[in-house]
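Dear colleague,

Please find below the structure that I am handing over to you. My findings follow directly after it.

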Amino acid sequence: MNLTSLDEDKLEVISERLISVDCHVSTREEALKYLITQVKQENYVDDGDRFFQAVMEREKEASTAIGDLIAIPHGKTDVVKRPFVAFLRSDQAFRWSDASTEAAQLIFLIGVPKESESKLHLKIISELSKKLLDEAFKEKLMTYTNPKEIYALLNAINV
Amino acid sequence: MKIVAVTACPTGVAHTYMAQEAIEKECRKRGYDVKVETQGSMGIENELEQEDVDEADLVILAIAIGIEGEERFEDKEEQGKVITVEPGEAIKRPAELLNKAENL
């Protein structure tokens, strides 16, 4: 067994290191760049610029701001090495895109490889997405101050 | 009231399943019988049989892409019992969607 694959196996879909609260960002681009720097650092993505482009392409099709201050930008591309969900809560809500009037403050960046090998990972992401419609869940995302608490909340998804 | 629906979006990782959840939630709230098929990155799940469709009073297609098995809904289409919306609309305003569907 080689060490590289062992390390990669440890990469979870949701990681405490991909959770940031009260970041000072006020545009979609700033939020995406902030999140992408982190997923790149943690080796989920090997080409941050290309991932950014893929996410923006998807945004062009239709804004991913889904109301209630939530946005779920996402990209499905071969520069994603492992599926992930990264979370950022900005210090204030801002208008997500020129194309829509929706504001965002709770931002979930989702990345999946072009060829997804693991249904389990996709299942985790879809179940988490569904939870975003739950009022109590949203309230906690908005108020918890410790990334550890948010991690525990996100990680408690039943698959 | 029995409602069947299909949800699908281009990437198929989030909106497809959120729209499913939103429609199911709103239908349960109203005490309706509901079955939602998802066509996403995990393939087709909770697939609607022709029988499910035939028995349904209404069909909701919350889709942003072409779907498989659209011919299942032809009869309902003729009866004017199919409503098609963007998945994002179903997620944001499920109550409005159901109100509209009920008035078909």
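In chain B of this predicted model, V4(B) has V59(B) as its bridge partner in β4(B). The two strands concerned, β1(B) and β4(B) (residues 58-63), run parallel and are joined by 6 bridges.

Strand β1(B) also pairs with β2(B) (residues 33-40), again in the parallel sense and over 6 bridges. Within β2(B), D33(B) is the bridge partner of K2(B). Between β1(B) and β2(B) the chain passes through helix α1(B) (residues 15-29), and the resulting β-α-β crossover is right-handed.

Is β1(B) largely enclosed or not by the rest of the structure? Of the 7 residues of this strand (residues 2-8), 6 are buried, and the strand is therefore largely enclosed by the rest of the structure. A residue is taken as buried here if 20 or more other C-beta atoms lie within 10 Å of its own.

Turning to the interface, 20 residues of chain A are in contact with 15 residues of chain B. On the side of chain A that touches chain B, two or more residues each come from α3 (48-61), β2 (65-67), β4 (74-76), β6 (100-112) and α4 (119-131) of chain A. Helix α4(A) gives the most to this side, with 7 residues. By residue class, the side of chain A that touches chain B comprises 9 nonpolar, 5 polar and 6 charged residues.

With kind regards

Technical notes
Residues numbered from 1 in each chain as written. Chains lettered and ligands numbered in written order. Predicted model: local features only at pLDDT ≥ 70, side-chain atom pairs only at ≥ 80, totals over all residues. Contact = placed C-beta atoms within 7 Å. Helix = DSSP H or I, 4+ residues; strand = E, 2+ residues; numbered from the N terminus. Nonpolar A, V, L, I, M, F, W, Y, C, P; charged D, E, K, R; others polar. Buried ≥ 20, exposed ≤ 12 C-beta atoms within 10 Å, placed from the backbone. Pairing = 2+ DSSP bridges. Right-handed = clockwise from strand over helix to strand, strands pointing away.
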